[in-house]
Amino acid sequence: MSKPSTAAGETPPVHLAREGAILVVTIDNPPVNALGVAVRRGLMSAIEEGEADAGVAAILVTGAGRNFIGGADIREFGKPPQSPLLTELCNRIEACSKPVLAALHGAALGGGLEVALAAHYRVALGNARLGLPEVQLGLLPGAGGTQRTPRLIGAQAALDMMLTGRHLGAKEALSLGLVDQLVEGDSADHARAAGLRELQALLDKHAPVRRSRDGKGLADTAATQAAIAAARAEAGKKSRGLFSPHKIIDAVEAATTLPFEEGLALERQFFLQCLDSPQRAGLIHAFFAEREVQKAPETRNAQPRRIEQIGVVGGGTMGAGIAVAVLDAGLPVTMIERDDEALARGRGHVEKTYDAQVAKGRLTQEARDAVLARLHGSTRYEDLSAADVVIEAVFEDLNVKQAVFAELDRVCKPGAVLATNTSYLDIDAIAASISRPADVIGLHFFSPANVMKLLEIVVPRQVASEVVATAFELAKRLRKVPVRAGVCDGFIGNRILAVYRQAADYLMEDGASPYEIDAAVRDFGFAMGPYQVVDLAGGDIGWATRKRRAATRDPRARYVHIADRLCERGWFGQKSGRGFYRYPDGPRSGAPDPEVLALIDEERARAGITPRSFSKEDIQRRYLAAMINEGANVVHQRIALRPLDVDVTFLYGYGFPRHRGGPMKYADMVGLPNVLADIRAFAAEDPLFWTPSPLLVELVERGANFESLNQAG
Ligand code: 3HC
Ligand code: NAI
């Protein structure tokens with residue numbers, strides 16, 4: 001083997017080596033071999049070198065580390081493009097006169113797959129994950145992917161890949177014709193060795209270069225047209241408000257009607273349009289924010305404790321959901337309930353979840369039984385003596401919870417992490433009530449706990465750093481998205497929710513109907529409006545909270561009675577057949593209710609309010625301004641570490657549309673001076689509610705934005 005040489009720069013991310021007549025090009029740009037400018041330059045000159053060197057007969061492209069290539073360098077988007085463009089690089093690879101083979105292991109995603117598709121041959125290790133996930137970033141494959149993929153695997157499969165962004169396993173990629181061969185192994189070394197072997201075999205049989213641009217995947221015109229029409233119909237329904245899915249379909253259509261070069265030119269045009277769109281900015285913010293939230297101060301300076309045995313106290317809605325989440329992660333759970341009857345109910349809730357999966361054919365009966373064998377039930381706290389982490393999910397009552405924690409204090413082993421799933425209660429007060437406050441933390445799951453991704457990790461005053469680190473580790477095991485929150489009424493999410501729900505109630509009393517408000521909120525991109533959510537969750541829950549808080553409410557604050565009036569009539573929402581909506585034919589049949597509108601009119605009259613009309617934009621501006629202002633307060637008071645923690649909370653726990661990046665990112669995009677001006681204008685009617693957050697005021701005065709605080713940690 002000849003001495004490795006380098007292709008670019010001082011710390012070259014592309015290495016070259018010779019194995020006989022094969023030039024081995026290895027991309028080495030940790031952590032994921034993203035195709036930043038230095039990699040593109042290195043690859044370009046590697047291909048040039050291979051082409052020019054008479055001693056080189058073929059070129060192998062591989063990745064060092066755990067992946068082939070994770071895609072274009074996402075951090076470069078939004079900055080001025082630097083040459084060579086990825087699409088130019090791919091064209092150069094494909095044009096090479098000597099056979100180029102890509103050996104794939106780990107991620108071959110986005111631009112990474114496009115590089116592989118530009119190569120003439122492809123082999124994949126069993127652990128390879130192939131995909132075109134650009135749609136998840138508001139983009140489309142912009143380096144020939146929209147043109148080469150359908151030519152290789154047909155329009156339908158190509159559209160499925162690009163519109164879902166899903167990762168294909170190596171076997172599926174092989175069966176679709178995206179790769180030529182599956183090879184043994186799972187490491188970069190294996191990929192290199194297999195690539196060399198296959199390329200040598202190709203050379204031995206004088207295999208010609210074979211270009212994806214000449215692929216015959218679009219030969220069946222009728223099937224191609226049907227696939228495009230079907231994708232268009234589907235995108236019209238599913239991709240509400242999203243831009244790039246439509247552009248993906250247009251680009252694939254171009255592949256079917258235009259010569260390759262013209263299709264590529266159109267792809268580039270569409271790619272630039274997507275790159276320019278605020279949706280791209282929002283989605284890429286979401287991508288980095290959801291990785292950034294994993295990094296709390298405690299995850300840097302402390303080691304997690306052992307997590308092998310989990311206890312859950314309470315087998316109600318949340319306790320059972322948490323138990324399922326833990327079982328799904330492969331861990332054993334001991335569930336504690338008050339008595340045998342409640343325990344049987346709790347176990348029943350868990351079993352129901354798995355039975356439903358069996359019924360849908362997603363799980364075999366044996367697999368179900370194996371999972372449930374890891375669930376142990378008990379009415380004796382002593383059975384938690386071996387637990388490493390105990391999560392309490394009993395009634396939302398401080399006395400009840402403190403009594404449970406006294407039991408945990410008595411029976412749990414030293415060092416056990418004692419967590420509460422409380423939604424609102426003071427976790428400092430729970431911690432202070434036992435002898436080991438440093439072990440107490442909040443783990444606020446969202447309902448349904450086995451489905452919802454968000455986990456607020458609520459950090460009380462006295463907690464030990466390694467307990468916080470353990471909570472983050474547990475989140476990782478449960479595949480949750482953790483957000484670090486401070487103790488306050490409602491933590492990050494529910495505290496902000498309470499405020500924008502109030503803004504919605506004010507809008508309703510001032511003249512907008514709940515149906516107009518829900519429609520405006522949906523139009524913004526939420527799947528549901530606030531009153532649909534109330535009806536889904538049950539109006540009685542909020543009613544109970546309002547009654548509990550009545551004594552501590554600021555007497556100067558405006559209070560809207562409409563929701564209480566509904567609850568007084570027993571109109572709790574879907575479960576009682578009517579709430580803000582009527583449900584004549586079950587949960588999905590929500591229809592506006594004239595009696596609710598009449599009741600709202602009565603309340604307006606009682607409050608002396610002459611209703612006025614609000615446009616969709618008026619509604620959205622107030623709703624969002626309330627959310628942003630309280631988000632700023634939450635950051636200002638260090639309840640959230642950074643604005644991006646608020647964003648992730650809302651993306652994963654409250655249905656905020658991902659393409660808008662989260663409320664704080666959205667505020668930056670609208671412009672903080674505009675948001676503040678709105679709040680000041682609304683304050684003319686209600687200065688108490690619309691008090692601008694000091695942080696918002698400060699940022700506007702400094703000419704700064706929320707993003708500037710995201711680096712702070
Ligand atoms: N560009 C820049 N940074 C990237 C990146 C990329 N494409 N992909 C990952 N990273 C960074 C992450 O931000 C993270 O940084 P941090 O350590 O500072 O937080 C680090 O790499 C590790 O990422 P993960 O924690 O996600 O690592 P995993 O091992 O869990 O996953 C992965 C690896 C599957 C490659 C995953 O990172 C991933 O899905 N990346 C994005 C893939 C993607 O969307 N590619 C398409 C890009 S767009 C494109 O290619 C356009 C083209 O068509 C022109
Ligand atoms: P739930 O009423 O469905 O379940 C509570 C369960 O706790 C019941 O099964 C009850 O028998 C059991 N229990 C009560 N006292 C107990 C004790 N001393 N020992 C053992 N078990 C006991 O209530 P839900 O909705 O599951 O809520 C539980 C907690 O989770 C509350 O703190 C709530 O605020 C919080 N939460 C609820 C969410 C929701 O959407 N329901 C979302 C996030 C948090």
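Let's start with leucine 536, which is partly exposed, with a relative accessible area of 48%. This is a predicted model, so every value here is computed from it. Leucine 536 sits in helix H21, which covers residues 530-537. Together with Met528 and Val533, Leu536 makes a nonpolar patch of about 240 Å² on the surface.

Now zoom out to the domains. The domain assignment splits the protein into domain 1 (14-275), domain 2 (307-490) and domain 3 (494-712). The C-alpha centres of domain 2 and domain 3 are 30 Å apart. Their contact draws on 18 residues from domain 2 and 13 residues from domain 3. How big is an interface? People often answer with the accessible area lost when the parts come together. For domain 2 and domain 3, that buried area is about 1400 Å², with 60% of it on carbon and sulfur atoms. The interface of these two domains also has 1 salt bridge across it.

On to salt bridges in general. Side chains of opposite charge can pair when their charged atoms come close. How many salt bridges does a search of the whole structure find? The count is 58. Here are a few of them:

| Pair | Closest N to O distance |
|---|---|
| Aspartate 489 and arginine 549 | 2.9 Å |
| Lysine 238 and glutamate 234 | 3.1 Å |
| Arginine 192 and glutamate 19 | 3.3 Å |
| Glutamate 595 and arginine 578 | 3.6 Å |

Take arginine 192 and glutamate 19, which form a salt bridge. Arginine 192 is in helix H7 (residues 188-204) and glutamate 19 is in strand S2 (residues 14-19), so this pair ties together parts that are 173 residues apart in sequence. Glutamate 19 is partly exposed, at 25% relative accessible area.

Lysine 238 and glutamate 234 stay within one helix: they are 4 residues apart in helix H8 (residues 221-238), so about one helical turn separates them. Is lysine 238 buried or exposed? Lysine 238 counts as exposed, because its relative accessibility is 63%. Its partner glutamate 234 counts as partly exposed, at 35%.

Then there's the salt bridge between glutamate 595 and arginine 578. Glutamate 595 belongs to helix H24 (residues 594-606), while arginine 578 is in the loop between helix H23 (562-568) and strand S19 (581-582), so the pair links parts 17 residues apart in sequence. Glutamate 595 is partly exposed at 42%, whereas arginine 578 counts as buried at 15%.

Some salt bridges share partners, and in this way Glu509, Asp510, Arg558, Arg612, Arg622 and Glu685 are joined into one network.

Terms used:
Residues are numbered from 1 along each chain as its sequence is written. Chains are lettered from A and ligands numbered from 1 in the order in which they are written. This is a predicted model: local features need pLDDT of at least 70, side-chain atom pairs count only at pLDDT 80 or more; totals for chains, interfaces and linings use all residues. Side-chain values use heavy atoms; hydrogens and water are left out. Patches are made of residues with over 30% relative accessible area and no salt bridge: like charges are joined within 9 Å, nonpolar side chains (Val, Leu, Ile, Met, Phe, Trp, Tyr) within 5 Å. Accessible areas come from the Shrake-Rupley method with a 1.4 Å probe; for residues, only the protein chains shown count as cover. A salt bridge is a side-chain nitrogen of Lys or Arg within 4 Å of a carboxyl oxygen of Asp or Glu. Helices (H or I, at least four residues) and strands (E, at least two) are DSSP runs, numbered from the N terminus. Buried means under 20% relative accessible area, exposed over 50%, partly exposed in between (1.4 Å probe, protein chains only). Domain bounds come from an automatic or database domain assignment. Contact means heavy atoms within 4.5 Å. Buried area is the accessible area (1.4 Å probe) that two parts lose on being put together, summed over both.
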